[in-house]
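Here are a few worked exercises to try with the viewer open. Have a go at each task before reading its solution.

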Amino acid sequence: MTRKITILDLKKMKDEGEKITMITAYDFCFAKIFSDAGIDIILVGDSAANVVCGMDSTLPITMDEMIFLSRAVARAKPDALIVGDMPFMSYHTSVDEAVANAGRFIKEGFAETVKLEGGQNVKEKIMAMTDMDIPVMGHIGLTPQSVHKMGGYKVQGKDDVSRKKLLNDAKAVEEAGAFAVVLEAVPSDLAKEITESIDIPTIGIGAGIDCDGQVLVMHDILGLTFGKRPKFVKEYVNLKETIENTVKEFIDEVHDEKFPTDKHIYS
Ligand code: KIV
């Protein structure tokens, strides 16, 4: 029996030590498959910029583009909780604009919650969204939208100052009212310390086994990425090869006049 996952279920899962699973999806088809497989959370990630749109970073993707993807995911009516990932500059100016854009995700994108990157620096915005009944997932550690400030996609929290900052970021996100927080590319002992020091679930990506849950980008799990993969990625299947071979078979059958057969035509 499947059931619609809510933010209350996620808290209960943390409290009861049941691991939470999250995966990205950007369209109807994959959202349906992942939800039917039993995933807890579907993130309409701004990683769509890279894996769907072929952009070099997540920075160029817009609110309108994210809403288009979120609507497609929502049409799958997943049992999984839908999280809409707020793109760069959709929550960086005023609190009012941040809340308005989060509201667009719910009202136009049919997401149920939103995610944004940052810790103490976005506390006020998380608070304002939560006050307006929009549940927020935080995202700290390696925050891809800060790539230029970080000087690249680097593991965070490696020295004492940066560890302390991340602990404070996690607490700030929790105090602001977030229902969960993504920990990306942080040392596993720090992720464990953060997980034990806050009451909301931590969802790790490159943050070790002790997080309350794990998230990966769907293209990475399915072997659909091009170029260098981060260390934290596990490719569970190489669909790229399967798809390429399947399309080659189609091309060959068309060339050899083996497709369509009598089974595939109207008389
Ligand atoms: O956009 C995304 O896919 C993400 C995950 C890596 C957490 O933010």
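**Exercise 1: placing Lys77**

Lys77 sits in the loop between helix 4 (63-74) and strand 3 (81-85); work out whether Lys77 is buried or exposed.

Solution. Start with the ground rules: this is a predicted model, where local features need pLDDT of at least 70, side-chain atom pairs count only at pLDDT 80 or more, and totals for chains, interfaces and linings use all residues. Residues are numbered from 1 along each chain as its sequence is written, and side-chain values use heavy atoms, leaving out hydrogens and water. Helices (H or I, at least four residues) and strands (E, at least two) are DSSP runs, numbered from the N terminus. Next, the cut-offs: buried is under 20% relative accessible area, exposed over 50%, partly exposed in between (1.4 Å probe, protein chains only). Lys77 has 70% relative accessibility, so Lys77 counts as exposed.

Then look across to Phe110: Lys77 and Phe110 are 33 residues apart in sequence, yet their C-alpha atoms are 9.8 Å apart in space.

**Exercise 2: the whole chain**

Check the radius of gyration of the protein chain against that of a compact globule.

Solution. First, the rule, taken over C-alpha atoms: 2.2 Å times the number of residues to the power 0.38. For 267 residues that puts a compact globule near 18 Å, and the protein chain has 20 Å, so the two agree. Now add the extents: the C-alpha trace spans about 70 × 40 × 40 Å along its principal axes. Finally, count the elements and the buried share: the protein chain has 11 helices and 8 strands, and 49% of its 267 residues are buried.
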